[in-house]
Amino acid sequence: MLKNIFAATLTFSLLATAPAVANPLNLFIQQCLRYQPSLSELDLTRSVSQQAVQFEQLTLGLNNINDRLNYYRDLAINSQRESILMCQLHLADELQTLLLEPKLDQLIMNLSQSQPPYSSLAETLTKVKQRQLDINTKSQLHNAQATIRRNLTNQHIAMVFNDKTCQLPTQTSHNSDTPTANSMLKTTKPNLDVSLAKYLMSQPNEQCRKNAWLAYQSRAKDKNAASLDIIKQLLQATAFESLNTQILNAASLNEYLQQQTSNINLAPWNIGQHLASLPHQPYSGPQSANEIFTRVFTQLENLGIRIEALNLSDITDTKTVETSDTNRTNTRDGVKNTIYRVWHQQRLLGELFVSPTGQTNAHVIRYPVIGHQFAQASISYSETISNKRQANKLINAIAEAVTGLARGNKFYLINKQGKSADNHLLGQYWLSAYLRQQNDSVLSQREQVVQDYRRQLRVIRSKVIIDFYLNEPSKQQQLSMAFKDSFNQEWQYATDLAFSFNGIANEGVNYYLPLWHQSLVSMIFESSKSSVTERQVFDILVVNEDNLTLMEQMFIILTPPNDPSSLIRRAFNAGHLQK
């Protein structure tokens, strides 16, 4: 299988919601399994620009189908998983065939001898070819990742107390919400994560809480050790290559993580009880998703993004309002199932499907390619907002959708990947932060504790991943000290943290990226040139029509000094201020 096959679309357009998946999915699978892309018609005697356009036409279907597959994979029910897997395997085979065609090598050579954006397309195609693994290696990698994921989510285990004093008095019933020592491995319900959380909240003895939490981190160690070794053997040689696009190397990343380390003096096994002891501050922000949509759509206008609703007569409980400056129609007090047309200045970006469901998330269904296709994205959302986390999640979903719609290159692969697979994430983080400004308030004491804890947990996990890929054997004492630096608690076997989360197998070294991007975003807000407007920042980071590197983007946006070494130092300081 292929983890990051490119992307694609169907010829039909639908409002993308989970209840609508069943029938379109069957049609999609049939189209997927019949699809066979080929470069046989690629005419390499034409001009470079014509070759690039023809290549885009011949491969856009494969890219669109793959994106649609990724969209359906998140929505499908268990009975549909096998069909989706068949489609995924078929696309992987077709991609492999495509990359081995001799015409592709000649095309890359022709493009590389030209000017941007054609040379940029050649560079991206070369990286795609280099990242391809042979079938056996690919199978080993995905099997190892799946094994780790399965073992970490295994619920056929229960808490067993060797020290009876750690067993809570209420744990006497076999049907209790928290598994008892008598449950052993027979209990599959309730969820172990929930059981542990309840136990940590109820257990007054800190040493018992610590033992339970540490045991939970090591629950899959024996089963996952072999799979992690396989992943390390396969990826170790290239694990740190992606740092180049972020102007970092292994040494500077280590230094950055150390700068991000802050002793919160709160052990993970104590955080539940500590939060319970803090005063609860009632949420005073927007109470409905519709209010957030209205605010955010207005904010986006300042960046040149115009959003207009279609099919207004079919929208339930919707009022329309004419705005004097743009003479356009917007929805208010009832987004419901709505299709929006999204513009950036005078350029039509595509369609945004918005639908109320029980959960909030976003999907880019089809990426834009200037001159070839408009984009499609979807947002599902919970209608009621009861806390700041839910409000921020919706804002982040809107930012993700708009970022996907607004990319401004004429080639799909550059719009999807940019200079690297994570190139567009900085723009998304910046847009989320920009849109949250109007909704942000001073964090409550509880919110600050949660934010600090989550940050330090990502810091220590990032250190564990770097140690995992760099050191042989692992530096046990170094990681034990790192754990103490963040939580002020001893953990002799802190290397066991490597067996407790999926990130080490999936994101790998890139697990640190959210921290780094947040530091860069802070630096952009604090140190942008006075001549650079927020609309220009959006164009540079999100649209990025010229496919600029991170260094080039920062040079345009930030005040001097903005050479690579100064940028790294300033990012360290910006990140430090966040703490």
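1. In this predicted model, strands β5 and β7 run parallel and are joined by seven bridges. Within that pairing, Val-354 stands opposite Ile-379 in β7. Ile-379 is also a reference point on the β6 side, where Ala-362 stands opposite Ile-379 in β7; β6 and β7 (residues 375–381) run antiparallel there and are joined by five bridges.

2. The pairing of β4 with β5 is antiparallel, with seven bridges between strand β4 (residues 338–344) and strand β5 (residues 347–356). The two strands form a hairpin with two residues between them, and Gln-345 in the turn has a positive phi of about 55°. His-344 stands opposite Arg-347 in β5, and a colleague inspecting the turn may wish to begin from that pair.

3. Taken together, these strands belong to an open sheet of five strands, ordered β1-β4-β5-β7-β6 and mixed in its pairing. At its edges lie β1 (305–310) and β6 (361–366), each of which pairs on one side only. Direction ignored, neighbouring strands of the sheet are turned by 25° against each other on average. Helix α2 (residues 48–75) packs on the sheet, where it touches β6 and β7, and the direction of the helix makes about 155° with that of β6.

4. Which aromatic residues accompany this picture? A search of the whole structure finds 20 aromatic pairs. In one of them, the rings of Tyr-71 and Tyr-72 have their centres 5.4 Å apart and their planes at 45°, so the pair is described as tilted. Tyr-71 is buried, with a relative accessible area of 2%, and Tyr-72 is likewise buried, with a value of 1%. Phe-501 and Tyr-511 form another tilted pair, at 5.3 Å centre to centre and with 55° between the planes. This second pair links distant parts of the chain, since Phe-501 lies in the loop between α17 and α18 while Tyr-511 lies in the loop between α18 and α19 (513–527), ten residues apart. Both Phe-501 and Tyr-511 are buried.

5. Beyond these pairs, there is a cluster linked through ring pairs, and its members are Trp-213, Trp-269, Tyr-453, Phe-483, Phe-487 and Trp-491.

6. Charged side chains also meet aromatic rings. Lys-232 lies over the face of Phe-468, at 5.2 Å from the ring centre. In a further case, the charged end of Lys-529 sits over the ring of Phe-555, 5.5 Å from the centre of that ring.

7. The structure holds eight salt bridges, among them one between Asp-105 and Lys-129, whose closest N and O atoms are 3.4 Å apart. That pair links distant parts of the chain, with Asp-105 in helix α4 (residues 102–112) and Lys-129 in helix α5 (residues 118–131), 24 residues apart. Both partners fall between the limits for buried and exposed: Asp-105 is partly exposed, with a relative accessible area of 40%, and Lys-129 counts as partly exposed at 26%.

8. Where in the chain do the partners Lys-221 and Asp-496 lie? Lys-221 forms a salt bridge with Asp-496, the closest N and O atoms being 2.9 Å apart. Lys-221 is found in helix α9 (residues 221–235) and Asp-496 in the loop between α17 (476–487) and α18 (503–506), so the pair ties together parts that are 275 residues apart in sequence. The two ends of this salt bridge fall into separate accessibility classes, because Lys-221 counts as partly exposed at 31% relative accessibility, whereas Asp-496, at 10%, counts as buried.

9. A salt bridge within a single helix is also present, in which the side chains of Glu-291 and Arg-295 meet at 3.0 Å, N to O. Because Glu-291 and Arg-295 are four residues apart in helix α12 (residues 289–301), they are separated by about one helical turn. Glu-291 counts as partly exposed at 31% relative accessibility, and Arg-295 counts as partly exposed at 26%.

Terms used
Residues are numbered from 1 along each chain as its sequence is written. This is a predicted model: local features need pLDDT of at least 70, side-chain atom pairs count only at pLDDT 80 or more; totals for chains, interfaces and linings use all residues. Side-chain values use heavy atoms; hydrogens and water are left out. Two strands pair if DSSP finds at least two bridges between them. Axes are lines fitted to C-alpha atoms, for helices over the stretch in contact, and angles run from 0 to 180 degrees between N-to-C directions. Contact means heavy atoms within 4.5 Å. A salt bridge is a side-chain nitrogen of Lys or Arg within 4 Å of a carboxyl oxygen of Asp or Glu. Buried means under 20% relative accessible area, exposed over 50%, partly exposed in between (1.4 Å probe, protein chains only). Rings of Phe, Tyr and Trp (its six-membered ring) pair if their centres lie within 6.5 Å; planes under 30 degrees apart count as stacked, over 60 as edge-to-face and the rest as tilted. A charge sits over a ring if NZ of Lys or CZ of Arg is within 6 Å of the ring centre and within 35 degrees of the ring normal.
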